Amino acid sequence: MKHLLFAPIIAAITLIFIVACSIDKSDKVIELQMADTDSDGYINLYDVDDDGDGLIEIRGIADFNMVRNNLDGTGMSSTRGQKGEIYGCGGGITLEGEPIDSCHGYELVADISLIDYAKWQPIGSCSANNECEDAFNAVFEGNGHTISDLSINIDRVAFGVGLFGAISPESELRNIHVRNSMVVFEPEGEPYDVGILVGHARGAYIEGSSVVGGDIYTTAFDAGGLIGDGEGATVTYSYVDVGIIKGASEVGGLIGGGASSNILYSCASASIIYGKEEVGGLVGDGKNAMIISSYAVGDITKGETAVGDLAGEDQNINVKDSYTMENTQEFGCFEMISMDNLTPNIQLAENIR
Ligand SMILES: [Ca+2]
Ligand SMILES: [Ca+2]
Ligand SMILES: [Ca+2]
């Protein structure tokens, strides 16, 4: 019975501790907001780029939605097509010691769930297959954070469908991890360019990113787990581990239309990839592509003509140290890349860029 005497005391101490912690926590938040981390004269509360690296911090879904308003990443805008807030853009220095005095993109500082968006509107678009004035045209650094529960269902013809619809050749997407996606895009007509991370990414650069868990059902040409149309794009250290990828033609695990693309240290795994023509485990159309140390996991491709476990169309393709593995059950891409001890060779990637 003696311990009962202590119960109210313990409860009181616990309560005091909880209250003290919450005061301490909110004090810390205020302290952080009042600080000027990059010493540029703007306290963090008003600085859109606290760390001064030229990338605007994205702290949650509201911020992420604003990316579509300023596709050049020069400011944080709540109005479509306007530059928006630029207070504190930059403030730090580049690796070369040059001062950074403007913003050129965004960076995630938290994981984001899109669970409340039953029909996500892709960021950036093309008005026709290759007319992409409204493409995202900046850097998006994911800092290893996840964007989960992406759901896209579009019933009109569009060009560029994905988390990002279309990105420009000058764009870079880095270290973004997309989890648990469903992309349905089956309109009447001739739609193009569907990928879970990005629909249209001709000539762009994508590094250290992944798509895990998800399906694509589309009647579009150029459909891929990571990128729909990645002609001339460079993809490094990225992987896809998904279920079904169904497209019209040029359908691939990593990239659908990947003519002249550079694929390095990357991997794709799907339960099935199918389309009519140019269907590949890694890339659908791999004409003139360069594939180095990259993999497709599984014997999973189905189509009528130009079907391959690694590449569908493989005219003039340049493949080094890349292969397919017929065991989707035992190993996914992440395990494959880990097992193979792929030493990150950023130097090589930068040379290619
Ligand atoms: Ca500052
Ligand atoms: Ca920043
Ligand atoms: Ca700043």
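Two strands count as paired if DSSP finds at least two bridges between them. In this predicted model, that criterion is met by strand S21 and strand S26 (residues 301–302), which run parallel and are joined by two bridges; within this pairing, Tyr-274 stands opposite Lys-302. The points below cover the partners of S21, a six-stranded open sheet, the largest nonpolar core and the surroundings of Ile-147.

**Pairings of strand S21**

- Strand S21 (residues 267–274) runs parallel to strand S17 (residues 239–246), and seven bridges join the two.
- In the pairing with S17, Ala-268 of S21 lies opposite Val-240.
- S21 also pairs with strand S25 (residues 295–297), in the parallel sense and over three bridges.
- Here Tyr-295 of S25 is the residue opposite Cys-267.

**The six-stranded open sheet**

- Six strands form an open sheet with parallel pairing, in the order S7-S11-S15-S19-S23-S28.
- Its edges are strand S7 (164–166) and strand S28 (311–313), each of which pairs on one side only.
- On average, neighbouring strands of this sheet are turned by 5 degrees against each other, direction ignored.
- Within the sheet, strand S15 (residues 227–229) and strand S19 (residues 255–257) are parallel partners over two bridges.
- Ile-227 has Ile-255 as its bridge partner in S19.

**The largest nonpolar core**

- The largest nonpolar core comprises 90 residues, of which Ile-167, Ile-196, Leu-197, Leu-226, Leu-254, Ala-268 and Leu-282 touch the most other members.
- Because domain 2 (35–110) and domain 3 (112–352) both contribute residues, this core lies between them.
- In soluble globular proteins, nonpolar side chains tend to be buried together.
- Leaving aside residues up to four places away in sequence, Ala-268 touches Gly-225, Tyr-239, Val-240, Gly-253, Leu-254, Gly-281, Leu-282, Ala-296 and Cys-333.
- Val-240, one of these contacts, is also the residue that stands opposite Ala-268 in the strand pairing.

**The surroundings of Ile-147**

- Ile-147 belongs to strand S5 (residues 146–154).
- Ile-147 is classed as buried because 24 other C-beta atoms lie within 10 Å, the threshold being 20 or more.
- With residues up to four places away in sequence excluded, Ile-147 touches Ile-112, Leu-114, Leu-163, Ile-176 and Val-178.
- Ser-113 is 34 residues from Ile-147 along the chain, yet their C-alpha atoms are separated by 5.7 Å.

How values were computed: Residues are numbered from 1 along each chain as its sequence is written. Chains are lettered from A and ligands numbered from 1 in the order in which they are written. This is a predicted model: local features need pLDDT of at least 70, side-chain atom pairs count only at pLDDT 80 or more; totals for chains, interfaces and linings use all residues. Helices (H or I, at least four residues) and strands (E, at least two) are DSSP runs, numbered from the N terminus. Axes are lines fitted to C-alpha atoms, for helices over the stretch in contact, and angles run from 0 to 180 degrees between N-to-C directions. A nonpolar core is a set of buried Ala, Val, Leu, Ile, Met, Phe, Trp, Tyr and Cys residues joined through C-beta atoms within 7 Å. A residue is buried if 20 or more other C-beta atoms lie within 10 Å of its own, exposed if 12 or fewer, and partly exposed in between; C-beta atoms are placed from the backbone. Domain bounds come from an automatic or database domain assignment. Two residues are in contact if their C-beta atoms, placed from the backbone, lie within 7 Å.
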